[in-house]
Amino acid sequence: MKKLTALVLALVMCFGLVACGSTPAPSSTPASESTSQAETTNENFVDPVNGWDVYDELIDQIRTETDLAKRAELMHQAEDILMDTGAILPLYFYTDIYLQQDYLTNVYWTPFGYKYFMFAELGNGSDTLRAYLASEPDKLDPALNSTVDGAILAINSFAGLFTYNADHEQVPDLVDTWEMSEDGMTYTFTLKDGLKWSNGEPLDASDFVYSWNRAADPLTASDYGYMFAPIKGYAEMTEMDAEGNLVNPDATLAVTASEDGKTLTVELEYPTAYFLDLCAFPTYFPVYQEAVEAADPEGNNPGAWALEGTDKNENFVCNGAYVLTAWNHNSSMTYEKNPNYHRADEVKIEKQEFMLSNDEVQPFNAYNAGDLDFCDGVPTAEIAGLQGNPEYHVIENLGTYYVSFNVNSPMFDGMSAEDAATLRKALALFIDRDYIVTNVGQSDQVPAGSFIPAGCLDGTGKEFKNKDYFDPSAEAFESNVQEGIAMMESIGYKFDENGMLSDETPLSFTYLVNTPGSNVDVAVAIQQDMDAVGIDMQISEMEWNVFLNDRKAGNFDVARNGWLMDFNDPLNMLEMWTSDSGNNDCQFGKPKA
């Protein structure tokens with residue numbers, strides 16, 4: 001009850017707030033006598049703006065390290081560097097909640113957040129699956145998508161070399177047989193016979209050669225382009241000169257197709273234990289070259305072919321179970337069974353209709369009215385009443401919900417890199433994570449004191465997580481707050497005897513969050529925690545696709561963030577923060593605009 005009144009008031013006040021400027025640090029920053037064990041005193045501190053090449057080089061070293069124990073040690077060093085910047089503020093480890101009618105069966109999921117609808121069955125006599133996943137998707141091109149909801153749409157409309165089954169096991173999909181060389185450096189895939197695109201055209205190994213080179217090409221600007229780094233040739237493809245031009249514009253990946261199109265051969269730069277996981281990831285899915293190039297002849301809009309998708313024979317060509325046939329933007333999407341899918345005889349449902357909404361209440365009400373068979377997400381206020389309902393599901397995910405700071409934000413103007421990191425780490429200590437998981441999440445989330453989640457393996461068979469960078473427990477909250485105050489005082493901020501930030505050294509920033517639902521509720525809880533120590537945090541709400549692009553572009557001070565792992569290896573959550581990564585929302589290593 002300690003925050004109930006403030007929560008209601010903050011909920012009323014936060015809606016409609018727009019982004020505002022942040023208050024920079026005090027111009028004078030005398031150090032106080034108080035010290036803190038969390039204060040940045042690490043002689044190995046890496047400047048996240050001007051010294052990030054150290055981190056980039058460490059990730060390259062991890063990628064090529066063959067000694068698994070040494071590799072695990074290097075990955076711990078990488079997480080240490082990330083957490084020492086204070087720019088990544090973990091809140092909790094993910095779970096996922098959804099509602100599923102009892103007559104809908106054979107829907108399955110993976111810990112990476114993916115849900116598979118292609119082999120589902122309806123026992124209510126209908127031939128149409130009606131589902132809600134999220135609001136308007138940002139990208140449908142599997143090479144350009146970087147969201148979980150977009151990935152779910154991709155795996156239900158595209159097929160790759162490998163996939164996952166209902167037991168979360170990795171299994172061949174378009175592959176008939178495959179071999180790996182003794183040194184782990186060469187993979188040879190033999191494709192199944194008779195593979196086709198949704199328009200009836202044949203699909204062969206050359207389609208993978210085209211698609212992988214396209215996704216890895218910096219000009220395509222895929223957020224996940226770096227996931228092709230294990231393949232020989234990637235480093236040459238992506239090398240830039242001082243002016244930002246490609247050094248080797250004609251370089252390609254070491255991926256070749258046999259003359260008959262049956263065999264795909266891949267040469268790696270270094271042994272990669274998770275390479276087959278990559279082959280099951282949407283960025284590695286093939287796309288139809290003719291459709292891509294016809295929609296974007298000048299090469300300026302690589303995802304243009306998948307923007308409308310109103311004619312399955314001309315615009316949206318795919319190779320999975322369902323093909324997009326109608327897209328009423330911000331309202332609904334319709335997918336129809338693809339008769340040319342190689343497992344079409346296993347697909348029982350003829351049509352999928354996805355509701356698009358920025359308001360979680362609307363799909364929740366539609367589900368309860370019997371107008372939806374599946375609802376991915378539940379309004380916070382309704383979760384408690386669903387406990388024990390067999391249609392309510394809580395599943396474990398491998399990922400972390402966190403807050404990301406833009407290291408180039410004006411709120412850090414006038415501060416040294418170390419002082420800015422100290423401020424960010426102090427702000428992390430003001431957040432009551434137990435309150436968030438208990439009163440907002442309500443779905444068995446675990447408060448997080450590290451970025452890499454519990455359950456992630458280190459490559460040697462051991463769990464990677466071996467420490468917390470701060471104590472996220474309820475018992476430690478009050479002492480955390482005092483420690484955070486001491487840290488801010490050490491860099492020049494002043495607090496009164498009641499633990500409130502002085503008007504002499506104000507701090508104000510804007511928190512960027514996407515609608516709908518619980519993300520806003522989490523933002524309001526953080527807003528309360530900041531207000532409790534006199535820090536002014538305003539909330540700016542945006543629609544999903546607008547939010548994604550603003551966050552990616554660095555148009556924010558602080559933003560809500562989250563990462564569900566694409567495969568069970570810490571590198572997946574570490575390499576996203578290299579200077580050239582499209583997922584580097586914190587703007588590490590990027591010059592200030």
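Is Pro 286 buried or exposed? Select Pro 286 to begin: this residue is buried, with a relative accessible area of 0%. The model on display is a predicted one, and the tour proceeds from this proline through the aromatic residues and the nonpolar cores to individual helices, loops and the confidence values.

**Pro 286 and its surroundings**

Pro 286 is located in the loop that runs between α7 (275-279) and α8 (289-295). Display the residues around this proline, leaving out those up to four places away in sequence: Pro 286 touches Phe 158, Ala 159, Gly 160, Trp 197, Leu 203, Asp 207, Phe 208, Ser 211 and Asn 319. Next, add Asp 141 to the selection. The C-alpha atoms of Pro 286 and Asp 141 are 9.9 Å apart in space, while 145 residues separate the two in sequence.

**The aromatic cluster**

Phe 208, one of the residues that Pro 286 touches, leads to the next selection. One aromatic cluster is formed by Phe 162, Trp 178, Tyr 187, Phe 189, Phe 208, Trp 212, Phe 228, Phe 275 and Tyr 284. In the model as a whole, the count of aromatic pairs comes to 35. Consider the pair of Trp 178 and Tyr 187: the ring centres are 6.3 Å apart and the planes stand at 15°, so the arrangement is stacked. Trp 178 is partly exposed, with a relative accessible area of 36%, whereas Tyr 187 is buried at 4%.

Move next to Trp 212 and Phe 228, an aromatic pair of the tilted kind, with 6.2 Å from centre to centre and 55° between the planes. This pair links distant parts of the chain, 16 residues apart: Trp 212 belongs to helix α5 (residues 205-216), and Phe 228 to the loop between α5 and α6 (234-238). Trp 212 and Phe 228 are both buried.

**The nonpolar cores**

Trp 212 also opens the view of the largest nonpolar core, which has 169 residues. The residues with the most contacts inside this core are Phe 189, Trp 212, Phe 275, Leu 427 and Met 488. Centre the view on Met 488 and set aside its neighbours within four places in sequence; Met 488 is then in contact with Leu 423, Ala 426, Leu 427, Phe 430, Tyr 493, Phe 495, Leu 501, Leu 507 and Ile 535. A second core, separate from the largest, comprises 13 residues, among them Tyr 132, Phe 364, Tyr 367 and Leu 372.

**Arg 424 and helix α12**

Select Arg 424 together with Phe 412. The charged end of Arg 424 sits over the ring of Phe 412, at 4.7 Å from the ring centre.

Continue along the chain to helix α12, which spans residues 433-441. At the N-terminal end of α12, Asp 432 acts as the cap, with a side-chain oxygen 3.4 Å from the backbone nitrogen of Asp 434. Within the helix, the buried residues include Arg 433, Tyr 435, Ile 436, Val 437, Val 440 and Gly 441. Just after α12, Gln 442 adopts a positive phi of about 55°.

**Arg 63 in helix α2**

What does the side chain of Arg 63 contact? Select Arg 63 in helix α2 (residues 53-64) and show Glu 575 as well: the two side chains make a polar contact at 3.0 Å. Arg 63 is buried, having a relative accessible area of 10%. Apart from residues up to four places away in sequence, Arg 63 touches Tyr 226, Ala 229, Tyr 270, Leu 571 and Glu 575.

**Two loop residues with positive phi**

Asn 106 is not a glycine, yet has a positive phi of about 65°. The residue lies in the loop between β2 (104-105) and β3 (108-109) and is partly exposed, at 42% relative accessibility. Then select His 168, whose phi is also positive, near 65°. His 168 is found in the loop between β7 (162-164) and β8 (170-172), and at 32% relative accessibility it counts as partly exposed.

**Confidence along the chain**

Finally, colour the chain by pLDDT. The mean for the chain is 91, and 92% of the residues reach 70 or more. Over residues 1-21 the pLDDT is below 50, and this stretch has 37 contacts in the model beyond near neighbours in sequence. Residues 27-41 are likewise below 50, with 31 contacts counted in the model beyond near neighbours in sequence.

How values were computed: Residues are numbered from 1 along each chain as its sequence is written. This is a predicted model: local features need pLDDT of at least 70, side-chain atom pairs count only at pLDDT 80 or more; totals for chains, interfaces and linings use all residues. Side-chain values use heavy atoms; hydrogens and water are left out. Buried means under 20% relative accessible area, exposed over 50%, partly exposed in between (1.4 Å probe, protein chains only). Helices (H or I, at least four residues) and strands (E, at least two) are DSSP runs, numbered from the N terminus. A polar contact is a pair of N or O atoms within 3.5 Å; within protein, one must be able to donate a hydrogen and the other to accept it, and residues adjacent in sequence count only if both atoms are side-chain atoms. Contact means heavy atoms within 4.5 Å. A nonpolar core is a set of buried Ala, Val, Leu, Ile, Met, Phe, Trp, Tyr and Cys residues joined through side-chain atoms within 4.5 Å. Rings of Phe, Tyr and Trp (its six-membered ring) pair if their centres lie within 6.5 Å; planes under 30 degrees apart count as stacked, over 60 as edge-to-face and the rest as tilted. A charge sits over a ring if NZ of Lys or CZ of Arg is within 6 Å of the ring centre and within 35 degrees of the ring normal. pLDDT is the predictor's confidence in each residue, from 0 to 100.
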